[in-house]
Amino acid sequence: MNTVCDGPKDVYSAACPCRDMLDLLANKWSALALGALEDGPRRFGALRARLQGVSPKVLTQTLRRLEDHGLVHREVYPEVPLRVEYSLTSLGRDANVPLAHLRTWVERNIGRFPGSD
């Protein structure tokens with residue numbers, strides 16, 4: 001995944017790693033998972049309940065990608081039963097700012113889109 005871009009950063013360039021990050025952040029489940037973590041750490045079950053309609057497999061894949069890219073931190077507590085919590089990293093909190101604006105914009109404007117009645 002660590003694509004190297006020697007030139008100026010340009011999301012329109014196929015070789016630029018910006019494109020991979022845009023793909024990750026523009027993904028519906030990524031944007032929603034980051035938003036669901038905005039108020040603090042959550043366990044997997046709580047995230048799944050908040051993100052209505054996501055399958056366990058897709059949520060697991062999404063959280064792994066977000067963790068791999070430094071947006072989400074996964075904390076494992078050595079308890080019985082095992083407890084795992086997910087939280088935003090500093091980078092994840094930063095990414096959540098424009099995503100929160102996008103989520104709010106969609107909620108406020110959904111009635112303007114054809115077929116959204």
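This talk describes the sheet, the charged contacts and a nonpolar surface patch of one structure. Please keep in mind that the model is predicted.

Let me begin with the sheet. Three strands make up an open, antiparallel sheet, and their order is β1-β3-β2. The edges are taken by β1, residues 42-43, and β2, residues 72-77; each has a single partner strand, so one side of each has no neighbour in the sheet. Strands of a sheet pair through backbone hydrogen bonds.

How many bridges hold each pair of strands? Between β1 and β3, the latter spanning residues 83-88, there are two bridges. Between β2 and β3 there are six, again in the antiparallel sense. These two strands, β2 and β3, form a hairpin, with five residues between them.

One residue of β3 deserves attention here, namely E85. In the pairing with β1, E85 is the bridge partner of R43. In the pairing with β2, E85 is the bridge partner of E75.

E85 also leads us to the charged side chains. Side chains of opposite charge can pair when their charged atoms come close. The structure has three salt bridges. Which residues are linked in a network? They are E79, R83 and E85. The side chain of R83 meets that of E85 at 3.0 Å, N to O, and that of E79 at 3.1 Å, N to O. Both E85 and R83 are buried, whereas E79 is partly exposed, because its relative accessible area is 37%, between the limits of 20% and 50%. R83 has a further contact: R83 lies over the face of Y77, 3.8 Å from the ring centre.

There is also a salt bridge between D23 and R65, whose closest N and O atoms are 3.7 Å apart. This pair links distant parts of the chain, since D23 belongs to helix α1 (residues 18-26) and R65 to helix α4 (residues 56-68), 42 residues apart. D23 is partly exposed, at 49% relative accessible area, and R65 is partly exposed as well, at 33%.

I turn finally to the surface. Which residues make the nonpolar surface patch? L102, W105, V106, I110 and F113 make this patch, which covers about 440 Å². F113 lies in the segment that follows α5, the helix of residues 90-109.

Two members of the patch, W105 and F113, also appear in the one aromatic pair of the structure. Their rings, those of W105 and F113, are arranged edge-to-face, 5.8 Å centre to centre, with 80° between the planes. W105 is partly exposed, with 43% relative accessible area, and F113 is partly exposed, with 35%.

Note on methods: Residues are numbered from 1 along each chain as its sequence is written. This is a predicted model: local features need pLDDT of at least 70, side-chain atom pairs count only at pLDDT 80 or more; totals for chains, interfaces and linings use all residues. Side-chain values use heavy atoms; hydrogens and water are left out. Two strands pair if DSSP finds at least two bridges between them. Helices (H or I, at least four residues) and strands (E, at least two) are DSSP runs, numbered from the N terminus. Patches are made of residues with over 30% relative accessible area and no salt bridge: like charges are joined within 9 Å, nonpolar side chains (Val, Leu, Ile, Met, Phe, Trp, Tyr) within 5 Å. Accessible areas come from the Shrake-Rupley method with a 1.4 Å probe; for residues, only the protein chains shown count as cover. A salt bridge is a side-chain nitrogen of Lys or Arg within 4 Å of a carboxyl oxygen of Asp or Glu. Rings of Phe, Tyr and Trp (its six-membered ring) pair if their centres lie within 6.5 Å; planes under 30 degrees apart count as stacked, over 60 as edge-to-face and the rest as tilted. Buried means under 20% relative accessible area, exposed over 50%, partly exposed in between (1.4 Å probe, protein chains only). A charge sits over a ring if NZ of Lys or CZ of Arg is within 6 Å of the ring centre and within 35 degrees of the ring normal.
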